[in-house]
Amino acid sequence: MEKAKISTSQLFILMVLFELGSALLVPLAIDAKQDAWLAILLGMLISLILLFVYHQLYWYYPDLLPTQYMQRILGKGIGTILGFIYILYFMYDASRVLRDFGEMLLAFAYPDTPLFIANALLMLVIIYTIRKGIEVIVRSGELLFLFMYVLAIIGFILIISSGLIHVANLKPVLEDGMLPVLKVVFTQTLYFPFTEVIVFTMILPYLNNPKKAKITMFCATGLSGINLVITMLINISVLGVNLTSRSQFPLLSTVQTIQVADFLERLDVFFMLAMVIGIFFKISVLFYAAVIGTANLFKVKSPSRLSYPLGLVVLFMSITIASNVQEHLHEGLRVVIFILHIPLFAIIPILLLLIAFLKNRKKLRG
C-alpha cells in the first residue's frame, strides 16, 4: 500500500465516474423493454444492501486491504487464494471495459484501425497514470468530472431542443407486470454496474475520513443510478424499444439524431469524449486494484513495477476474450453475471462479513 490519502469528495467523484463508465455505452436492462429505467432504479436501490456489506467489512478492518483481511478472516491459505481470485477478476473486468473502448472507437471513427492498436494506446496512458499513484488518479477525476457533466447537460438540452423526445415510447409502464423487471434486476442491474464498486474496497483504506465512507458510497451510487435512469429514459423515448435493443451503442445513436436549426448536428465527438473519460477511470480503478492487490499478496515492495507486465496481460485479454463484438456483449450481459458477479459480489462478501462478525464478537467478549 502506498502512502497516500484521498478525500471523501474525491472518492465520490471517482465512484460516479467508475459506475457510469461502460454502463452508458450498452443498452442496459433493455430486456425489461420500456421498463428498463425501472429495472436500473431498483437495481441501484437493492445494491445499497451489498454496499453496506462492503462497508462493514471495511469498518472491521479499516487499515487493511481486502487481500489482507481475507487472510485474517479465512486463514492464510484460503484467504490468499480468494484474494488472488479477486485480483484475477479485476484484471478480467478491466480487459472487458478496454474491449468496450476499442469496439466503440472502431465503430465510431476508425473502422480500419486494428483493435489491438486502439486498446494499446489507452492502456499505455492508464499504465502511466497508475505508476503515479492513487492521488494522481483522483485529481485527474476532479478535473474531468465537471467537463463530463457539462457535456451531459449540453447534450440533454440539445436533445430536448431538437424535439426528439417521444414519451409514448415509454408506455405502457409494467405492461407484463413486475416479474420481468425483477428478473432483469436480479440478473443484470444489481451487479452491473452498481456492485462492481466492490473494487473500491481496495481504495477505502486510503480515505482520510473513514467515518464518511458509507454515506459517500451511497450518495455516489445514488447519483450514478439517477444518471443511468435518465440516460435510458432518453434512449427509449428517442429511439424506441426496438431500435434501442438492436443498437450496439444506443446513446451514440441517440446523439447522432440531434439536429438543431438545420446546422447543429453530428455531435458524436462529444459522446466519444464523455465515454473515453468514463472508461478511462473505470479501467484505471480496476487496474490499480489489481496492481496493489498483487503487490500486497506477493510482497512486492514497489507496486509500480507490476504495472507493465499486468498491463500487457489486460491488453491481450481484451483482444482474446471474444472473437467479435456480439460475442463480447453476450458474454458480459449474460454469462459473466452468473459465473462471476453473483458469487464474487454477493455470496462471498456476505459470508466474509458473517465470519468477521462472529470473530469480532468473540474478541469483544474476551
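## Loops, helix packing and internal space

Leu 174 is placed in the loop that runs between helix 6 and helix 7. The model described here is a predicted one, and this loop offers a convenient point of entry. The phi angle of Leu 174 is near 55°, which is a positive value in a residue other than glycine. Pro 172 is also found in the loop between helix 6 and helix 7. The peptide bond leading from Lys 171 to Pro 172 is cis, and its omega is near -5°. Another cis peptide bond links Phe 192 to Pro 193, with omega about 5°. Pro 193 belongs to the loop between helix 7 and helix 8. These features deserve attention because most residues other than glycine have a negative phi, and most peptide bonds are trans.

From the loops one may turn to the packing of the helices. Two packed helices are described by the angle between their axes and by the distance between those axes. Helix 7, which spans residues 179–189, packs with helix 2. The axes of helix 2 and helix 7 come within 9 Å and cross at roughly 55°. That angle makes helix 2 oblique to helix 7, and the crossing of the two is right-handed. On the side of helix 2, the contact is made by Leu 38, Ala 39, Ile 40, Leu 42, Gly 43 and Ile 46. Helix 7 contributes Val 181, Leu 182, Val 184, Val 185, Phe 186 and Thr 189 to this contact. Sorted by class, the residues in the contact of helix 2 with helix 7 are 10 nonpolar, two polar and no charged.

Helix 6 (residues 134–161) and helix 11 (residues 268–297) form another packed pair, in which the axes come within 10 Å and cross at roughly 155°. Angles over 145 degrees count as roughly antiparallel, and helix 6 and helix 11 are therefore roughly antiparallel to each other. The crossing of helix 6 and helix 11 is left-handed. From helix 6, the contact draws on Ile 134, Ile 137, Ser 140, Gly 141, Leu 144, Phe 147, Met 148 and Leu 151. From helix 11, the partners are Phe 270, Leu 273, Ala 274, Ile 277, Gly 278, Phe 281 and Tyr 288. The contact of helix 6 with helix 11 holds 12 nonpolar, three polar and no charged residues.

Helix 11 also packs with helix 1 (residues 8–20), at an angle of about 110° and with the axes 7 Å apart. Because angles of 65 to 115 degrees count as roughly perpendicular, helix 1 and helix 11 are described as roughly perpendicular to each other. Here Leu 14, Leu 17 and Phe 18 of helix 1 meet Ile 277, Gly 278, Phe 281, Lys 282, Val 285 and Leu 286 of helix 11. By class, the contact of helix 1 with helix 11 comprises seven nonpolar residues, one polar and one charged. Ile 277, Gly 278 and Phe 281 of helix 11 thus take part in the contact with helix 6 and in the contact with helix 1.

The remaining topic is empty space. Rolling a probe the size of a water molecule over the atoms shows where such space is left. The largest pocket has a volume of about 640 Å³. It is lined by 24 residues, and those closest to its centre are Leu 151, Ala 152, Ile 153, Gly 155 and Phe 156. Helix 6, helix 8 (213–239), helix 10 (250–256) and helix 11 each supply at least two residues of the lining of the largest pocket. Helix 6 provides the largest share of that lining, 10 residues. The lining of the largest pocket divides into 21 nonpolar, three polar and no charged residues. Leu 151, one of the residues closest to the centre of the pocket, also belongs to the contact of helix 6 with helix 11.

The structure further holds three cavities of 30 Å³ or more. The second largest cavity contains about 120 Å³ of space. Its lining has 15 residues, of which Pro 66, Met 70, Tyr 86, Ile 198 and Thr 201 lie nearest its centre. Helix 2 (36–60), helix 3 (66–74), helix 4 (76–108) and helix 13 (325–365) each supply at least two residues of this lining. By class, the lining of the second largest cavity has 12 nonpolar, three polar and no charged residues.

Notes
Residues numbered from 1 in each chain as written. Predicted model: local features only at pLDDT ≥ 70, side-chain atom pairs only at ≥ 80, totals over all residues. Heavy atoms only, no water. Axes fitted to C-alpha atoms, helices over the stretch in contact; angles between N-to-C directions. Helix = DSSP H or I, 4+ residues; strand = E, 2+ residues; numbered from the N terminus. Parallel < 35°, antiparallel > 145°, perpendicular 65-115°, else oblique. Left-handed = near helix turned anticlockwise from the far one by under 90°. Contact = heavy atoms within 4.5 Å. Nonpolar A, V, L, I, M, F, W, Y, C, P; charged D, E, K, R; others polar. 1 Å grid on protein atoms, 1.4 Å probe; cavity = no way out; pocket = protein on both sides within 12 Å on 5 of 7 lines; lining within 4 Å. Points joined across faces, edges and corners; volume = space filled by probe spheres on them.
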